[in-house]
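Q: Can you walk me through this model? Keep it quick.

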Amino acid sequence: MAKYKIGFIGCGNMSGAILKGALDGGVLKAAEVAVYDISPVANEKAASWGVATKDSSSALCQESEMVVLGVKPQQAPEMLAACKEALEDKAALSIVAGITVERLQAMMGDNTRILRVMPNTPAMVKEGATVLCSDSTFTKQEQALAEAIFKGIGSVEWVPEKLMDVACGLSGGGPAYVALFIEALADGAVKQGLPRAQAYSLAQQTCLGSAKMLMETDIHPGALKDMVTSPGGTTIEGIEALERGGFRFAVMDCIKAASEKSKKL
Ligand SMILES: NC(=O)C1=CN([C@@H]2O[C@H](COP(=O)(O)OP(=O)(O)OC[C@H]3O[C@@H](n4cnc5c(N)ncnc54)[C@H](O)[C@@H]3O)[C@@H](O)[C@H]2O)C=CC1
Ligand SMILES: O=C(O)[C@@H]1CCC=N1
């Protein structure tokens, strides 16, 4: 039995958000977790949350039941070269965008079991949207453990590997697009004279409330739009302005561009 239930190689923006959400929500206990990051700042952050930090990725892998690979795609080959042997017969959960199971397997060796995962940063506040890849060599028990951890910090969808790039384009990067939209809403209101803090507060709550309403009722997004849009009213003026700016095309093109980049990583 390994000392730690889960070990994180890399504890940056995304792994840090998963770990913080899981610790705050009680999905993981600090004593069950270890971290190894080449950055002392990242290790200090992890230590301040009460988890163990290790001196090497090999030590982390040897002492952990499951290992989260949480480095950038470009950092993955070097990171995996350093702990290939220690990962033998282990379960490796990769959050690395765009790197396929086949490429991961070639970098790790045949005896490491792999699960690809596309998380997103709202995991930090237990509102993540995580996509798990059903083309996995994890045991059923390991898949259940991974699902339980991510369900504890938000929602979980399973998709085949061929859809992992679009998952990256939609939910992986989505928080950035939503943040951009919120910033733009607030900027528009500031231009019309609303104080900045109130503009952010209203923009944020409007996005949260609209998403919650769609999730908790069976109202279709188009019907919600129609409910708000009075004939000859204010909202249709706003919608016309958005469509003049190519809003829907821009959003669809955004998902295409991000998904295509994920395929090329
Ligand atoms: N940031 C996001 O919103 C999301 C990121 N991802 C994926 O998560 C992965 C990590 O992304 P971020 O957290 O944004 O990057 P980041 O740069 O914030 O974190 C990466 C961490 O890995 C550490 N690191 C680099 N090389 C290492 C090595 N050889 N051994 C140990 N630690 C090492 C770095 O010091 C850093 O703390 C990426 O592959 C990305 O595609 C997936 C979904 C969303
Ligand atoms: O921008 C990136 O490459 C990563 C993957 C998904 C979100 N952030």
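A: Terms up front: helices (H or I, at least four residues) and strands (E, at least two) are DSSP runs, numbered from the N terminus. This is a predicted model: local features need pLDDT of at least 70, side-chain atom pairs count only at pLDDT 80 or more, and totals for chains, interfaces and linings use all residues. Residues are numbered from 1 along each chain as its sequence is written, and chains are lettered from A and ligands numbered from 1 in the order in which they are written.

Q: What is the strand order in the open sheet?
A: S3-S2-S1-S4-S5-S6-S7-S8, eight strands with mixed pairing. Two strands pair if DSSP finds at least two bridges between them.

Q: Which strands stand at the edges?
A: S3 (52–53) and S8 (154–159). Each has a single partner strand, so one side of each lacks a neighbour in the sheet.

Q: How do S4 and S5 run, parallel or antiparallel?
A: Parallel, with four bridges between S4 (residues 64–69) and S5 (residues 91–94). Val68 has Leu93 of S5 as its bridge partner.

Q: Which strands does helix H7 lie across?
A: H7 (residues 164–172) lies across S6 (113–118), S7 (128–133) and S8. Its angle to S6 is about 40°. Axes are lines fitted to C-alpha atoms, for helices over the stretch in contact (C-beta atoms, placed from the backbone, within 7 Å). Angles run from 0 to 180 degrees between N-to-C directions.

Q: New topic. What surrounds ligand 2?
A: Ala97, Cys168, Gly172 and Gly173. Here, near means a C-beta atom, placed from the backbone, within 6 Å.

Conventions
Contact = placed C-beta atoms within 7 Å.
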